[in-house]
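Work through the exercises below with the model open. Try each task before reading its solution.

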Amino acid sequence: MCFAEIVWLTVGDATRRFVVCEIRSTADGDPRPAFASLEGAGKPEPADEGHPRDDQVEGSAIVAKLWIGVDIGKTHHHVAAVDGDGRLVYSRRVANDETALLTVMAEVSTHGRPVCWAVDVTTGLSALLLTLLWRRQVQVRYVSGTVAFHMAAAFAGENKNDARDAVVIAQTIRMRPDIPVLEPSDRLLAELTVLTSYRADLVGQRVATLFRLQELLTGISPALERAVDLNRKGPMMVLACWQTPAAIRHAGVDRITALLRRGHVKNAVHVAEALVAAARQQTATLPGQRAAAVVVGQMATEILALDQRIAAVDGLIAEHLDQHPLTPIVSSLPGMGPLLTAELLVHTAGMTEYDNAAKLAAHAGLAPVSRDSGTVSGNHRQPRRYHRRLRHILWMAAFTAARECPASRAYYEKKRGEGKNHRQAILALARRRVDVLWALVRDGKTFTRPAPAIRAAA
């Protein structure tokens with residue numbers, strides 16, 4: 001497999017066609033172009049004004065255009081630059097440090113005029129590099145890991161190292177102008193990105209801890225694990241103090257109720273009675289119960305602490321949302337709570353990355369893709385490459401709206417009546433809501449719920 005680039009050049013009175021094929025590699029695995037002429041041998045010569053090359057003439061010197069790819073790492077990056085012919089002109093490993101990065105930028109400029117840079121990571125690992133590049137008014141593109149993986153197959157060799165990855169990234173942006181451009185996000189969206197990511201980490205940690213706690217509690221008393229909802233604050237407070245059936249029976253309803261009331265738990269008496277009743281169903285001591293009880297108590301305390309941290313982050317997210325101009329518009333759509341609104345603004349860069357609603361729907365995987373060939377047409381299937389988190393946000397909002405909003409519920413029932421299953425109907429509703437959301441943002445209006453129909457008096 002190879003990539004070919006056809007270049008028409010005028011040499012004297014004759015026009016020659018050259019093909020640049022990326023089919024060779026050096027000993028270290030770096031892809032290099034091989035030149036072959038279909039109508040004349042030799043390396044392409046500089047063209048006249050009618051056929052400009054990918055070089056820029058400054059005075060009497062020809063300054064080559066460069067495409068720079070960066071393989072991002074935690075402590076070090078690898079920078080590679082290729083010229084318009086695909087030749088590797090610069091390759092260096094650089095520390096993730098401001099001084100070192102500025103030095104590399106200056107060194108690259110001595111080899112030619114950078115057209116754009118490209119990175120394969122957009123998280124905090126590349127934050128310093130991206131900030132320095134944007135400060136110098138440099139265009140930066142994003143080559144995702146999936147794109148880089150498939151593009152690497154176009155070059156000879158199977159080596160996998162940072163230097164080769166950087167060259168593949170550079171060659172990708174040289175040959176593919178459709179690679180998306182990264183724009184610097186404003187302060188508010190950058191802070192919302194940090195807060196929503198941190199909250200997702202806390203929620204994941206809480207879920208993992210809760211699953212482990214349920215497993216251990218079942219090994220102590222199955223009846224106790226079934227009796228209460230461990231997602232509630234009250235049972236978790238009790239388990240932080242008493243973990244075994246004997247300890248809960250000894251504590252009694254009154255002591256447990258007093259503990260729950262100090263924690264402002266609703267229905268404290270009912271929760272206490274349910275726990276004591278479950279504890280009375282088992283008098284046997286199971287193997288490993290003492291150690292499991294210690295771990296359960298620590299896990300319950302940890303979950304209570306995580307709940308407090310999540311609530312604190314939710315407060316910070318709400319404060320930042322109040323400062324964003326699109327918050328009243330997005331949050332007015334049924335099903336869009338504060339968290340979903342914040343994540344939607346983060347993953348869509350404030351709704352600035354799309355020209356129309358169809359592109360937003362395609363990015364979220366809500367638009368089918370064609371799979372036609374020959375005489376077969378109209379064959380559509382679900383996309384495989386899309387933004388998973390963005391689709392989850394729109395799905396959850398549509399799922400909630402189908403239960404709370406009459407208009408959304410009516411559209412959902414319409415799709416079910418057409419023979420679609422629950423999942424397909426929710427996806428169709430989410431796609432429809434993308435059009436509504438886009439219109440609201442475009443017009444700067446908030447969503448107005450339709451007034452309920454009033455039946456005429458008989």
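The model is predicted.

**Exercise 1. How many salt bridges does a search of the whole structure find?**

Solution. The search covers the whole structure and finds 16 salt bridges. The next exercises take up some of them.

**Exercise 2. Examine Glu 191 and Arg 187. Which contact do their side chains make, and how are the two residues placed in helix α5?**

Solution.
Step 1. Take the N to O distance: it is 3.1 Å. The cut-off is 4 Å, so the pair counts as a salt bridge.
Step 2. Locate the pair. Both residues lie in helix α5, which spans residues 187-220.
Step 3. Count along the helix. Glu 191 and Arg 187 are 4 residues apart, so about one helical turn separates them.
Step 4. Check accessibility. Glu 191 has a relative accessible area of 29%, which makes this residue partly exposed.

**Exercise 3. Classify Lys 415 and Glu 418 as buried, partly exposed or exposed. What is the N to O distance in their salt bridge?**

Solution.
Step 1. The side chains of Lys 415 and Glu 418 meet in a salt bridge, at 3.4 Å from N to O.
Step 2. Lys 415 has 14% relative accessibility. Buried means under 20%, so Lys 415 counts as buried.
Step 3. Glu 418 has a relative accessible area of 47%. Exposed means over 50%, so Glu 418 stays partly exposed.

**Exercise 4. Analyse the salt bridge between Arg 431 and Asp 435. Where do the partners sit?**

Solution.
Step 1. The closest N and O atoms of Arg 431 and Asp 435 are 2.7 Å apart.
Step 2. Both partners belong to helix α16, residues 422-443. They are 4 residues apart, so the separation is about one helical turn.
Step 3. Arg 431 is partly exposed at 23% relative accessibility. Asp 435 is partly exposed too, at 29%.
Step 4. Now look for shared partners. Salt bridges of this kind join Asp 83, Asp 85 and Arg 87 into one network.

**Exercise 5. Inspect the backbone of Ala 349 and Met 351. What is the sign of phi in each, and is Met 351 buried or exposed?**

Solution.
Step 1. Ala 349 is not a glycine, yet its phi is positive, about 55°.
Step 2. Met 351 is also a residue other than glycine, with a positive phi near 60°.
Step 3. Place them. Ala 349 is in the loop between α12 (338-347) and α13 (357-363). Met 351 is in the loop between α12 and α13.
Step 4. Compare accessibility. Ala 349 is partly exposed at 24%, whereas Met 351 is buried at 7%.

Key
Residues numbered from 1 in each chain as written. Predicted model: local features only at pLDDT ≥ 70, side-chain atom pairs only at ≥ 80, totals over all residues. Heavy atoms only, no water. Buried < 20%, exposed > 50% of the residue type's maximum accessible area, 1.4 Å probe, protein only.
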